[in-house]
Amino acid sequence: MNAAIRIAMGMPKPAVLSSFQAEGVVVIHMATMIRPDVPILFIDTGYSFKETLLFKDKLAFKYDWNVIDIPVEDGPVCCRDRKVVAFKEAIKEYDCYVTGLRRTSSPSREHTPIMQWQNDYTLLKVNPIADWSKEDVLKYLSLNDLPQHPLYEQGYASIGCEPCTTPIKPGEDERAGRWRGEARVECGIHETES
Ligand code: SF4
């Protein structure tokens, strides 16, 4: 078992933050093997693909995962108000959270640590599969008979909100389809001070 996920699940109040992509399913599976009732936080921006919402609900039912939909409030700055503010509010009651971030998914994530203390949230962020390849993720899913988000079959490689996500072309990095044509590469949740 992954050492980082063991440490995270040994904390008094851990959570998993997931958008139910392949990496998220891996870390949820790892976490719930140790702590079956760990809260799994899903930020429902109101712009999620219907496929994502159905996939999330299907997995939560099938595996009896404790998925908590985080409600968001509308605001003038999409992403900041619909994601970062909602996340900051939701995470207050936890002392640690786990993500499925991977270094090789994008240049913006190449320095992702396995663990990092976040001063701005006052909690521990754990990225237990930061050093995994995409192949490692697919192998884990296959070995554990875990399903994949249905939009991967349609050329999507990283899946966020529907208005800001497109499929990728051969040779592009996995997150190239996010906010295509814009300068930003992250929503803000993973750009916090460490
Ligand atoms: S990804 Fe797009 S739709 Fe979703 S919160 Fe950010 S700006 Fe809004």
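**Exercise 1. Sort the shell around the ligand by residue class: how many residues are nonpolar, polar and charged?**

Let's begin with the members. In this predicted model, the residues around the ligand are Thr45, Tyr47, Cys78, Cys79, Arg82, Lys83, Gly160, Cys161, Pro163, Cys164 and Cys187. Next, assign the classes: Tyr, Cys and Pro count as nonpolar, Lys and Arg as charged, and Gly as polar. The tally for the shell is then seven nonpolar, two polar and two charged residues.

**Exercise 2. Work out in which sense, parallel or antiparallel, β2 and β3 pair, and what the handedness of their β-α-β unit is.**

Start with the strands: β2 covers residues 40–43 and β3 covers residues 67–70. Four bridges link β2 and β3, and the pairing is parallel. For a handy reference point, find Leu41, which faces Ile68 in β3. Now add helix α3, residues 50–63: together with β2 and β3 it forms a β-α-β unit, and this unit is right-handed.

**Exercise 3. Write down the order of helices and strands from the N terminus on.**

First take stock: the protein has five helices and six strands. Then walk along the chain, and you should read α-β-α-β-α-β-α-β-β-β-α.

**Exercise 4. Compare the radius of gyration with that of a compact globule.**

For 194 residues, the globule rule gives a value near 16 Å. The protein has 16 Å, so the two agree. Along the principal axes, the C-alpha atoms fill a box of roughly 40 × 40 × 35 Å. To round off the picture, 36% of the 194 residues count as buried. Finally, take the contacts between residues at least 6 apart in sequence: 69% of them join residues at least 24 apart.

Terms used. Residues numbered from 1 in each chain as written. Predicted model: local features only at pLDDT ≥ 70, side-chain atom pairs only at ≥ 80, totals over all residues. Near = placed C-beta within 6 Å. Pairing = 2+ DSSP bridges. Helix = DSSP H or I, 4+ residues; strand = E, 2+ residues; numbered from the N terminus. Right-handed = clockwise from strand over helix to strand, strands pointing away. Rg over C-alpha atoms; globule rule 2.2 N^0.38 Å. Buried ≥ 20, exposed ≤ 12 C-beta atoms within 10 Å, placed from the backbone. Contact = placed C-beta atoms within 7 Å.
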